[in-house]
Amino acid sequence: EKGVAFERRDVDLAHKPDWFLRLSPLGKTPVLVVDGEALFESAVICEYLDETQTPRLHPADPLARARERAWMEFGSAVLNGIAVLYNAADAAALARAQAALRARFEQLDAVLGDGPWFAGARFGLVDAVFG
């Protein structure tokens with residue numbers, strides 16, 4: 001969305017190299033390295049990029065911005081729920097995970113307006129999180 005140049009490095013998460021583990025204390029992707037400083041966690045990286053690169057994807061109004069940050073966190077919980085689907089031990093666990101994920105999407109659907117984005121006509125960071 002911001003058109004920022006970057007270099008992508010793929011990491012085998014089943015065999016994480018030492019250099020990667022030094023950058024990512026949780027051993028998770030993504031990681032963004034800026035001037036030798038490693039930033040980890042998706043939401044933190046998104047916030048940093050929004051503060052340092054135009055166009056701004058968060059709304060200017062503090063209350064609207066806080067609301068979108070809350071829904072970004074909700075998006076992280078949805079992503080975790082999707083991961084549970086992949087790791088379900090049996091059909092019953094899969095059914096429970098599906099029901100929980102469906103409930104989360106119903107919660108999200110209840111707060112969405114006419115769109116096409118979370119905030120209507122404006123694409124924002126919360127949309128990127130769900131993307």
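What percentage of the 131 residues of the protein chain count as buried? In this predicted model, 24% of the residues of the protein chain count as buried, and the accessible surface of the chain comes to about 9100 Å², with carbon and sulfur atoms supplying 56% of that area. Taken along the principal axes, the C-alpha atoms fill a box of roughly 45 × 40 × 20 Å. The secondary structure consists of 5 helices and 2 strands, and these follow one another along the sequence in the pattern α-β-β-α-α-α-α. Among the contacts in the protein chain with a separation of 6 or more, 42% are made by residues 24 or more positions apart.

Two annotated spans help to organise the chain. An unreviewed UniProt entry places the feature "domain: GST N-terminal" at residues 1-57, and this span is 30% helix and 14% strand, with its end C-alpha atoms lying 9 Å apart. The feature "domain: GST C-terminal", which UniProt likewise gives in an unreviewed entry, is placed at residues 61-131. In the model, residues 61-131 are 73% helix and 0% strand, and the end C-alpha atoms of this span lie 23 Å apart.

The walk through the N-terminal part can begin with L23, which is found in helix α1. L23 counts as partly exposed because its relative accessibility is 24%, a value that is not under the 20% cut-off for a buried residue. Leaving aside neighbours within four places in sequence, L23 is in contact with V31, V33, A38 and F40. The C-alpha atoms of L23 and L39 are 7.9 Å apart in space, while the two residues are 16 positions apart in sequence.

Beyond helix α1, the backbone has several features that deserve attention against a general background: most residues other than glycine have a negative phi, and most peptide bonds are trans. In the loop between α1 and β1 lies P30, and the peptide bond from T29 to P30 is cis, with omega near 0 degrees. Further along, D35 is placed in the loop between β1 and β2, where it has a positive phi of about 50 degrees although it is not a glycine. D35 counts as exposed because its relative accessibility is 81%, and exposed here means over 50%. E41, found in the loop between β2 and α2, also has a positive phi, of about 85 degrees, and is not a glycine either. With a relative accessible area of 30%, E41 is partly exposed. A cis peptide bond also joins T54 and P55, with omega at about -5 degrees, and P55 lies in the loop between α2 and α3.

Which residues of α2 are buried? They are I45, E47 and D50, and the cover over these buried residues includes β1, β2 (37-40), α3 and α5. D50, whose place is in helix α2, has a relative accessibility of 1% and therefore counts as buried. Apart from neighbours within four places in sequence, D50 is in contact with K2, P55, R56, L57, H58 and L125. One of these partners, P55, is the residue that follows T54 across the cis peptide bond, and another, L125, falls in the span 61-131 that UniProt annotates as "domain: GST C-terminal".

The largest pocket brings several of these elements together. How much space lies in the largest pocket? The volume is about 1800 Å³, and the lining is made up of 47 residues, of which P30, V31, L32, S42 and I45 lie nearest the centre of the pocket. The elements that give two or more residues to this lining are α1 (18-23), β1 (31-34), α2 (42-52), α3 (62-86) and α5 (125-130). By residue class, the lining divides into 29 nonpolar, 8 polar and 10 charged residues. Two of the residues nearest the pocket centre, P30 and I45, have already appeared in this account: P30 takes part in the cis peptide bond with T29, and I45 is one of the buried residues of α2. V31, which is also among the residues nearest the centre, is a contact of L23.

Note on methods: Residues are numbered from 1 along each chain as its sequence is written. This is a predicted model: local features need pLDDT of at least 70, side-chain atom pairs count only at pLDDT 80 or more; totals for chains, interfaces and linings use all residues. Side-chain values use heavy atoms; hydrogens and water are left out. On a 1 Å grid over the protein atoms alone, a cavity is a set of points where a 1.4 Å probe fits but cannot get out, and a pocket is an open set with protein on both sides within 12 Å along at least five of seven lines; lining residues have an atom within 4 Å of a point. Grid points are joined across faces, edges and corners, and a volume is the space filled by probe spheres set on the points. Helices (H or I, at least four residues) and strands (E, at least two) are DSSP runs, numbered from the N terminus. Ala, Val, Leu, Ile, Met, Phe, Trp, Tyr, Cys and Pro count as nonpolar, Asp, Glu, Lys and Arg as charged, and the others, Gly among them, as polar. UniProt positions are given in the numbering used here, feature names are shortened, and annotations may be inferred rather than shown by experiment. Buried means under 20% relative accessible area, exposed over 50%, partly exposed in between (1.4 Å probe, protein chains only). Contact means heavy atoms within 4.5 Å. Accessible areas come from the Shrake-Rupley method with a 1.4 Å probe; for residues, only the protein chains shown count as cover.
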